[in-house]
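Biologist: Can you walk me through this fold? Start with what you count as a contact.
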Amino acid sequence: MELRIRKNQEIYIIDVQGELDLYNSYKLKDLLVKMLEKKIERFIINLDEVEYIDSSGIGALIYIASTIKKLNLKLAITNIHGSVKKVIELTKLMGYFPITATLDEAMKKVNV
């Protein structure tokens, strides 16, 4: 899995590429913790290039969403599709995660 960070004004976009699974989902959590230490407040997780997610990946997203919610910060998860979308639907987490269909919608959601 590869993580890239882009910045658009005060919004940090984390582009995730590859598989979000047991072997690497901790990297996304670690990155978020480091970004929180730097007082970053607005996040978008872009899953456009993620083709596979397992329960560890789902766990990482739950950890991130709950941590950001507790701190009253802004998060959007965007561009989910294929098997990733199916897993999130099967786990009934579509309503729990702040999901948007496109990056533009995510920008509007965290820029409120």
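Modeller: Contact means heavy atoms within 4.5 Å. Keep in mind that this is a predicted model.

Biologist: Fine. Which residues does L47 touch, leaving out those up to four places away in sequence?

Modeller: L47 touches V16, L61, I77, T78, N79, I80, H81 and V84.

Biologist: And the largest nonpolar core, which members touch the most others there?

Modeller: F43, I45, L47, L61, L75 and I77 do, out of 27 residues in that core.

Biologist: Which elements give two or more residues to it?

Modeller: Three strands and three helices are on that list: β2 (11–20), β3 (42–53) and β4 (74–78), plus α1 (25–37), α2 (55–70) and α3 (82–90).

Biologist: What else is there in the way of cores?

Modeller: Another core, of seven residues, lies apart from the largest one. I13, I44, A106 and V110 are among its members.

Biologist: Switching to the sheet. What's the strand order?

Modeller: β1-β2-β3-β4-β5, five strands in an open sheet with mixed pairing. β1 (2–8) and β5 (99–100) are the edge strands, each pairing on one side only.

Biologist: How do β2 and β3 run, parallel or antiparallel?

Modeller: Parallel, with nine bridges joining them. I11 stands opposite R42 in β3.

Biologist: Which strands does α1 touch?

Modeller: α1 packs on the sheet and touches β1, β2 and β3. The direction of α1 makes about 165° with that of β2.

Biologist: And α4, which strands does that helix touch?

Modeller: Helix α4, residues 103–110, also packs on the sheet, touching β1, β2, β3, β4 and β5. The angle between its direction and that of β4 is about 170°.

Note on methods: Residues numbered from 1 in each chain as written. Predicted model: local features only at pLDDT ≥ 70, side-chain atom pairs only at ≥ 80, totals over all residues. Heavy atoms only, no water. Core = buried A, V, L, I, M, F, W, Y, C linked by side-chain atoms within 4.5 Å. Buried < 20%, exposed > 50% of the residue type's maximum accessible area, 1.4 Å probe, protein only. Helix = DSSP H or I, 4+ residues; strand = E, 2+ residues; numbered from the N terminus. Pairing = 2+ DSSP bridges. Axes fitted to C-alpha atoms, helices over the stretch in contact; angles between N-to-C directions.
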